[in-house]
Amino acid sequence: MKRKAFIFFVLTTAAGTALAQTSPEQLLLKDYRPKSIYRVPVHHIERAKFPVIDVHSHPYAQSSAEIGEWVKTMDRAGIEKTIILSMANGARFDSIYAAYAAWPNRFEVWCGFDFHGYDQPGYGPSAVAELERCYKLGARGVGELGDKGEGLVYGNEPAPGMHLEDPRMDPLLEKCAQLGMPVSIHVGDPIWMYQPMDSTNDGLMNGYTWRLDNKKNLVDLTGMVASLERAVARHPRTTFIACHFANCDYDLTALGKLLDRYPNLYADISARYAETAPVPRATRAFYEKYSTRLLYGTDMGMDAEMYAVTFRILESADEHFYEIGLFNYHWPLYGLDLSDKVLKRVYRTNALKALYPGKK
């Protein structure tokens, strides 16, 4: 990616329109690339301070050679294990599982639910049977389920209109409790995706790409968080992992209330580093208060530099730095400078408790 960016810069310079020379009247928000003026400490942390379990990744590597390279990157970064959220069932799950099976101690592949025929009478038993088959093959969790307001649309067969708390989900979620399979669920999206795409939108640079404000009959973020709560309350024996802080990154107190009420709920921090690092004091306080309920995750590929950025945000006290290429936000970020106690829990201990409660 860096090489492509360099080539683009050279070409635009040759044309006399380099981004750095664009006048403010002509500059587009998507091309805004500020550089920090502050002479403050800078840390590049290539390896996590403590061993890490990444609970939110996907089958980015497609071949045995690519998976092998990923393992080498994980070794350098201190990633002990990566959870592959396949979102798949049937033959697709089988093929993904087979690809990663050569590294059983480094990867764990989770399956998706079978939603085929979800809108027909009699849905349920075959889906439960498929879940059990995936478990016997090696799946130890389910995810990533995804509902941004239109229904559970992630996976092999999308289920628009059916949300996590729907009674049709009860047999599946109860079977997860019986089998000890945590359920990773993505509800909603960052708040600015739902807001008008105008000059007042704080996350416009990123939000416009993933906008939801132009979709009709969409359950909003507040409604999706309420949907999550109803499902978690309905199934107290099932462990749920709310991806991306349940997208309450703009108001972590809302997530805190859920964590206070439901001991079967955890939250992963994946892909919301740039959304929480701009408010380091409030975010750090949240990590301290809920240090036993937060799980490290990435959801941003398998590049070494990606891991390094997450470590910098979690471990350092660096101030006013940008990572626009990775996150596509215009705002500066700040290190959280988390304590060793919190880091150990977020990096690994909490995952062991959430994913393998019967093991010591």
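Me: Let's start with helix α8. On the other side of α8 from its buried residues, which residues are exposed?

Reply: Thr253, Lys257 and Asp260 are the exposed ones there. Keep in mind that this is a predicted model, so everything we say is a reading of that prediction.

Me: And which residues of α8 are buried?

Reply: Leu252, Leu255, Gly256, Leu258 and Leu259. Those residues span an arc of only 160 degrees around the axis, which puts them on the same side of α8.

Me: What do the buried residues of α8 pack against?

Reply: They pack against α7 (221-234), β9 and α10 (280-289).

Me: How does helix α3 look when I read it that way? Which of its residues are buried?

Reply: α3 runs over residues 90-100, and Gly90, Phe93, Ile96 and Tyr100 are buried in it. Here the arc is only 120 degrees around the axis, which places them on the same side of α3. Turn to the face pointing away from that buried side and you find Ala91 and Ala98, both exposed.

Me: What covers the buried residues of α3?

Reply: The cover includes two helices, α2 (64-77) and α4 (125-137), plus the strands β2 (79-85) and β3 (107-110).

Me: Since β2 came up, how many of its residues are buried?

Reply: 6 of the 7 residues of β2 are buried, so the rest of the structure largely encloses this strand. As for pairing, β2 lines up with strand β1 (residues 52-57) in the parallel sense, over 4 bridges. If you want one bridge to look at, take valine 52, whose partner in β2 is isoleucine 79.

Me: In what order do the strands of the open sheet come?

Reply: Read it as β4-β7-β8-β9-β10, which is 5 strands with parallel pairing. The edges are β4 (142-147) and β10 (294-295); each has a single partner strand, so one side of each is left without a neighbour in the sheet.

Me: How many bridges join β9 to β10?

Reply: 2 bridges, with β9 (residues 265-268) and β10 running parallel. To find one of them, go to aspartate 268, whose bridge partner in β10 is leucine 295.

Me: Now the backbone. What should I expect for phi and for peptide bonds?

Reply: As a general idea, most residues other than glycine have a negative phi, and most peptide bonds are trans. In this structure, methionine 87 has a positive phi of about 60 degrees although it is not a glycine. Alanine 246, also not a glycine, has a positive phi of about 55 degrees.

Me: Where are methionine 87 and alanine 246?

Reply: Methionine 87 sits in the loop between β2 and α3, and alanine 246 in the loop between β8 (240-242) and α8 (252-261).

Me: Is methionine 87 buried, exposed or partly exposed? And is alanine 246 buried or exposed?

Reply: Methionine 87 has a relative accessible area of 21%, so it is partly exposed; the cut-off for buried is under 20%. Alanine 246 is at 0% relative accessibility and therefore counts as buried.

Me: Which peptide bond is cis?

Reply: Look at the bond from glycine 143 to glutamate 144: that one is cis, with omega near -5 degrees. Glutamate 144 belongs to strand β4, one of the edge strands of the open sheet.

Me: How do I read empty space in a model?

Reply: Rolling a probe the size of a water molecule over the atoms shows where empty space is left. In this structure, 1 cavity of 30 Å³ or more turns up, and the largest cavity holds about 30 Å³ of space.

Me: Which residues line the largest cavity?

Reply: Ala274, Glu323, Ile324, Phe327, Tyr329, Trp331 and Leu333. By class, that lining has 6 nonpolar, no polar and 1 charged residues.

Me: How much space lies in the second largest pocket?

Reply: About 530 Å³. Its lining has 23 residues, and the closest to its centre are Asn206, Trp210, Ala271, Arg272 and Asp299. Sorted by class, the pocket lining has 10 nonpolar, 7 polar and 6 charged residues.

Me: One last residue: is proline 125 buried or exposed?

Reply: Proline 125 is found in helix α4, and at 61% relative accessibility it counts as exposed. Its C-alpha atom is separated by 25 Å from that of glutamate 229, which lies 104 residues apart along the chain.

Notes
Residues are numbered from 1 along each chain as its sequence is written. This is a predicted model: local features need pLDDT of at least 70, side-chain atom pairs count only at pLDDT 80 or more; totals for chains, interfaces and linings use all residues. Side-chain values use heavy atoms; hydrogens and water are left out. Buried means under 20% relative accessible area, exposed over 50%, partly exposed in between (1.4 Å probe, protein chains only). The arc is that of the directions from the helix axis to the C-beta atoms. Contact means heavy atoms within 4.5 Å. On a 1 Å grid over the protein atoms alone, a cavity is a set of points where a 1.4 Å probe fits but cannot get out, and a pocket is an open set with protein on both sides within 12 Å along at least five of seven lines; lining residues have an atom within 4 Å of a point. Grid points are joined across faces, edges and corners, and a volume is the space filled by probe spheres set on the points. Ala, Val, Leu, Ile, Met, Phe, Trp, Tyr, Cys and Pro count as nonpolar, Asp, Glu, Lys and Arg as charged, and the others, Gly among them, as polar. Two strands pair if DSSP finds at least two bridges between them.
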